[in-house]
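Student: Please take a close look at the strands, and then follow the chains out to the places around them. I would like one connected account rather than a list.

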Amino acid sequence: MTVPFDTTEKFTAYAHPAKLVSTEWLAKHRTDPGLVVVESDEDVLLYEVGHIRGSVKIDWHTDLNDKVNRDYIEGAAFAELMSSKGIARDSTVVIYGDKSNWWAAYALWVFTLFGHEDVRLLDGGRTKWLAEEREMTTDASPVSPTDYPVVDRNDSPIRAFKDDVLAHFGKPLIDVRSDEEYSGARTTMPAYPEEGALRGGHIPTAASVPWARAAATDSTFRTRAELDDIYRTEAGLSDGDDVIAYCRIGERSSHTWFVLTHLLGFQNVRNYDGSWTEWGNAVAVPIAVGTEPGTTPVSRR
Amino acid sequence: MSELPAQLTEIQEDFLALEQKDRLLLLLEFANDLPELPQEFQDHPDLLERVVECQSPVFIFVELDADGAFHLHATAPRESPTTRGFASILAQGLDGLSAEQVLAVPDDYPQSIGLSEAVSPLRLRGMSAMLGRAKRQLRERIG
């Protein structure tokens with residue numbers, strides 16, 4: 001069961017063109033055997049309002065997060081989730097969502113923690129699909145449960161913990177939050193509730209590149225040339241860099257992780273999902289305030 | 001807790017009687033039931049207050065009618081069903097109460113209807129903010 005790749009011209013300039021499909025491609029291949037379409041949104045009810053026919057819903061909060069620990073689900077729970085959604089280990093998964101695929105990218109990142117090989121994003125996500133007036137339905141999607149293997153989550157290649165960040169100074173950090181959060185004027189993004197970080201500001205030396213700069217107004221990813229300008233020219237990243245991205249809980253930085261890894265081809269990018277809700281509450285970690293990145297902190301130990 | 005108005009108690013009991021999954025569907029029903037803004041407010045968007053704590057653009061306006069009965073008007077986009085659902089619960093749950101009764105509604109009512117697990121605490125804060133702002137507007141109104 002091989003689902004073809006989307007050969008859209010725009011994608012060929014990206015490092016891993018196979019990671020994206022266009023709305024046009026999806027409309028044509030939606031029902032291909034071996035393909036499962038997943039909707040993953042910020043709004044937990046949006047799928048119920050209308051979704052792409054045949055797609056299944058995966059919610060970041062109720063499905064992917066552990067209910068007790070602040071962590072992602074383990075292999076057994078992931079296998080159960082995949083099975084219940086009709087996803088086999090060799091399925092091609094196309095994820096789409098609201099808000100420029102922000103949560104879809106987060107889901108894709110979690111799929112990657114479990115090494116699910118063929119998982120792609122719908123360029124432009126739900127917004128573009130709707131803008132093109134393509135079919136949506138409230139019909140339930142028929143699912144045939146699969147026998148998905150229990151695979152251990154492999155965090156280390158793409159996930160950073162607080163200690164990894166403390167050991168990372170001197171190498172590039174990207175803060176993808178809003179300007180107000182970066183400077184320390186707010187601890188959560190504008191128009192969102194304050195989420196209880198005790199300190200405002202950013203991790204010293206982190207460059208500020210708000211995640212949404214990678215998205216065009218129609219919610220698609222910006223072109224390769226535009227992204228190179230933002231992340232290489234402006235933020236100063238270069239090939240071979242070991243990069244950690246973070247935001248508030250690791251969702252917006254999943255979007256940036258996707259851009260750096262799959263669109264620009266950086267091989268060592270990790271998402272620090274503890275992000276500001278951990279760092280801004282942690283005891284004795286260094287913080288910089290204001291609009292400047294700040295200097296490398298002197299190690300306390 | 002005993003003073004919670006009957007219509008809020010009823011909503012609370014309806015949610016708590018359901019499994020998590022069905023609670024979401026009930027929230028969706030509320031979202032679909034959010035009434036359109038009365039014409040007078042559609043013509044005067046300046047009267048509406050944005051609930052900036054919510055994840056999507058939602059605007060509210062509180063009204064005390066000639067009989068002193070409270071009404072909450074709210075508008076939120078179709079593509080934000082969770083927010084619409086929260087607004088609708090409050091609009092229905094507070095409708096027709098006296099100003100005193102509205103001000104006495106516990107601030108943690110949104111946390112008490114069994115949605116924390118299905119909706120995430122972050123999302124629920126939007127509803128608390130809506131309730132908080134509705135009460136503040138009401139206090140200003142009765143000055």
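**A hairpin and what lies beyond**

Tutor: Start with Phe61(B), whose bridge partner in β3(B) is His73(B). The model is a predicted one, so every value below is computed from it. The pair belongs to a longer match: strand β2 of chain B, residues 59-64, runs antiparallel to β3(B) and is joined to β3(B) by six bridges. Five residues separate the two strands, and together the strands make a hairpin. In its turn, Gly68(B) has a positive phi of about 80°. Strand β3 of chain B, residues 70-75, is mostly covered, since five of its six residues are buried.

Chain A offers another kind of pairing. Here five strands form an open sheet, in the order β6-β10-β9-β7-β8, and the pairing is parallel. At the edges of this sheet are β6(A) and β8(A), the latter covering residues 207-208; each has a single partner strand, so one side of each has no neighbour in the sheet. Further in, β7(A) (residues 173-175) pairs with β9(A) (residues 242-246) in the parallel sense, over three bridges. One residue to look up there is Leu173(A), which stands opposite Ile244(A) of β9(A).

Next, the packing. In soluble globular proteins, nonpolar side chains tend to be buried together. The largest nonpolar core here has 56 residues, and Ile95(A), Phe111(A), Leu121(A) and Tyr231(A) are the members that touch the most others in it. Helix α5 of chain A, residues 102-113, provides the largest share of this core, namely eleven residues. A second core, separate from that one, has 41 residues, including Leu8(B), Leu26(B), Phe30(B) and Val51(B).

Leu121(A) is worth following further. Leaving out residues up to four places away in sequence, its contacts include Val94(A), Ile95(A), Asn101(A), Leu108(A) and Phe258(A). One of these, Asn101(A), sits in the loop between β4 (92-96) and α5 of chain A. Most residues other than glycine have a negative phi, and most peptide bonds are trans. Asn101(A), however, has a positive phi, near 65°. Its relative accessibility is 0%, so Asn101(A) counts as buried. Ala284(A), in the segment after α11 of chain A, also has a positive phi near 65°. With a relative accessible area of 46%, Ala284(A) is partly exposed, because exposed would require over 50%.

Now the empty space. Rolling a probe the size of a water molecule over the atoms shows where empty space is left. The largest pocket holds about 900 Å³ of space. Its lining has 30 residues, and those nearest the centre are Glu48(A), Lys57(A), Asp63(A), Lys85(A) and Lys21(B). Helix α2(B) gives the largest share of that lining, five residues. Other elements that supply at least two residues include α3 (60-64) and α4 (75-84) of chain A and α6 (116-119) of chain B. By class, the lining consists of eleven nonpolar, eight polar and eleven charged residues.

The second largest pocket holds about 710 Å³. It is lined by 29 residues, with Asn65(A), Asn69(A), Arg70(A), Asp71(A) and Ile249(A) nearest its centre. At least two lining residues come from each of α3, β6 (159-160) and α11 (275-279) in chain A, and from each of α6 and α7 (121-142) in chain B. Strand β6(A), then, is an edge of the open sheet as well as a contributor to this lining. The classes here are ten nonpolar, eight polar and eleven charged.

There is also enclosed space. The structure holds one cavity of 30 Å³ or more, and the volume of the largest cavity is about 40 Å³. Among the residues lining it are Glu39(A), Val44(A), Tyr47(A), Lys57(A) and Asp59(A). Lys57(A) is thus found in this lining and in that of the largest pocket. The cavity lining divides into three nonpolar, no polar and five charged residues.

Last comes Asp179(A), which is part of helix α8, residues 179-183, in chain A. Not counting residues up to four places away in sequence, Asp179(A) touches Ser208(A) and Pro210(A). Ser208(A) falls within β8(A), residues 207-208, so this brings us back to the edge of the open sheet. Thr31(A) is 148 residues from Asp179(A) along the chain, and the C-alpha atoms of the two are separated by 42 Å.

Methods. Residues are numbered from 1 along each chain as its sequence is written. Chains are lettered from A and ligands numbered from 1 in the order in which they are written. This is a predicted model: local features need pLDDT of at least 70, side-chain atom pairs count only at pLDDT 80 or more; totals for chains, interfaces and linings use all residues. Side-chain values use heavy atoms; hydrogens and water are left out. A nonpolar core is a set of buried Ala, Val, Leu, Ile, Met, Phe, Trp, Tyr and Cys residues joined through side-chain atoms within 4.5 Å. Buried means under 20% relative accessible area, exposed over 50%, partly exposed in between (1.4 Å probe, protein chains only). Helices (H or I, at least four residues) and strands (E, at least two) are DSSP runs, numbered from the N terminus. Contact means heavy atoms within 4.5 Å. On a 1 Å grid over the protein atoms alone, a cavity is a set of points where a 1.4 Å probe fits but cannot get out, and a pocket is an open set with protein on both sides within 12 Å along at least five of seven lines; lining residues have an atom within 4 Å of a point. Grid points are joined across faces, edges and corners, and a volume is the space filled by probe spheres set on the points. Ala, Val, Leu, Ile, Met, Phe, Trp, Tyr, Cys and Pro count as nonpolar, Asp, Glu, Lys and Arg as charged, and the others, Gly among them, as polar. Two strands pair if DSSP finds at least two bridges between them.
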